[in-house]
Amino acid sequence: MSTAKDELKARLLAEAEASIDRMLADDRMGKQMTISEIEDVIGDLEMDFRERVLSEVMGEQESQTLSCPECGGNLRHKGRRSKQLTTWRGETELDRNYYQCETCGQGVFPPR
Ligand SMILES: [Zn+2]
């Protein structure tokens, strides 16, 4: 495995551990739960871990996006902006780096 993948794996494992720690600290874990309560606890874990992985993988992709997807021009960093994202789990708002193409002016939030 490449070094970059090893580093990403290490970060993802740390995020998984943080999500698991968060689940174990949940008050509901110390009580007798119904199946639907267990599903809720696991659903929270999934959502938390999913957001952590999304953020890690987007950061990884972003570092690989160096040119405009429209014209191939150079991208200039224009600061961070929040963007509404629709994922299969629903709406989420993320603070992301925003770039603008020096050639065609296209605004880019990598990855698209
Ligand atoms: Zn462009």
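Colleague: In this predicted model, is Asp95 buried or exposed?

Modeller: Asp95 has its place in strand 2, which covers residues 90-101. Within 10 Å of Asp95 there are 10 other C-beta atoms, and a residue counts as exposed when that number is 12 or fewer. By that cut-off, Asp95 is exposed.

Colleague: Which residues does Asp95 touch, not counting residues up to four places away in sequence?

Modeller: Asp95 and Lys83 are 12 residues apart in sequence, and their C-alpha atoms are 6.3 Å apart in space. A contact, however, is judged on C-beta atoms lying within 7 Å of each other. With residues up to four places away in sequence left out, Asp95 touches Arg80 and Ser82.

Colleague: And Leu94, how many other C-beta atoms does it have within 10 Å, and what class does that give?

Modeller: Leu94 also has its place in strand 2, and it touches Ser82, Lys83 and Leu85 when residues up to four places away in sequence are not counted. A residue is buried at 20 or more other C-beta atoms within 10 Å, exposed at 12 or fewer, and partly exposed in between. Leu94 has 16 such atoms, and its class is partly exposed.

Colleague: What distance separates the C-alpha atoms of Leu94 and Glu51?

Modeller: Glu51 falls in domain 1, which spans 1-64, whereas Leu94 falls in domain 2, which spans 67-112. The two residues are 43 residues apart along the chain, and the separation of their C-alpha atoms is 9.8 Å.

Colleague: How many residues does each domain give to the contact between them?

Modeller: The centres of domain 1 and domain 2, taken over C-alpha atoms, are separated by 25 Å. The side of domain 1 that touches domain 2 has two nonpolar, one polar and two charged residues. The contact takes five residues from domain 1, and from domain 2 it takes four residues.

Colleague: Over how many bridges do strand 1 and strand 2 pair, and in which sense?

Modeller: Strand 1 covers residues 75-87, and one of the bridges joins Arg80 to its partner Asn97 in strand 2. Strand 1 and strand 2 pair in the antiparallel sense, over 11 bridges.

Colleague: Which residue in the turn between strand 2 and strand 3 has a positive phi?

Modeller: Strand 3, residues 107-108, pairs with strand 2 in the antiparallel sense over two bridges, and Gln100 has Gly107 in strand 3 as its bridge partner. The two strands form a hairpin with five residues between them. In that turn, the residue with a positive phi, of about 80 degrees, is Gly105.

Colleague: Why is helix 1 said to lie largely in the open?

Modeller: Helix 1, residues 3-24, reaches 31 Å from its first C-alpha to its last, close to the 32 Å expected at 1.5 Å a residue. Helix 1 lies largely in the open because, of its 22 residues, the number buried is one.

Colleague: What is the radius of gyration of the chain, set against the globule rule?

Modeller: From the N terminus on, the elements run α-α-β-β-β, and the C-alpha atoms fill a box of roughly 60 × 35 × 20 Å along the principal axes. For 112 residues the globule rule gives 13 Å, and the chain is well over that value, so it is more spread out than a compact globule. Of the 112 residues, 4% count as buried. The radius of gyration is 18 Å.

Terms used: Residues numbered from 1 in each chain as written. Predicted model: local features only at pLDDT ≥ 70, side-chain atom pairs only at ≥ 80, totals over all residues. Domains from an automatic or database assignment. Contact = placed C-beta atoms within 7 Å. Nonpolar A, V, L, I, M, F, W, Y, C, P; charged D, E, K, R; others polar. Helix = DSSP H or I, 4+ residues; strand = E, 2+ residues; numbered from the N terminus. Rg over C-alpha atoms; globule rule 2.2 N^0.38 Å. Expected span 1.5 Å × (residues − 1). Pairing = 2+ DSSP bridges.
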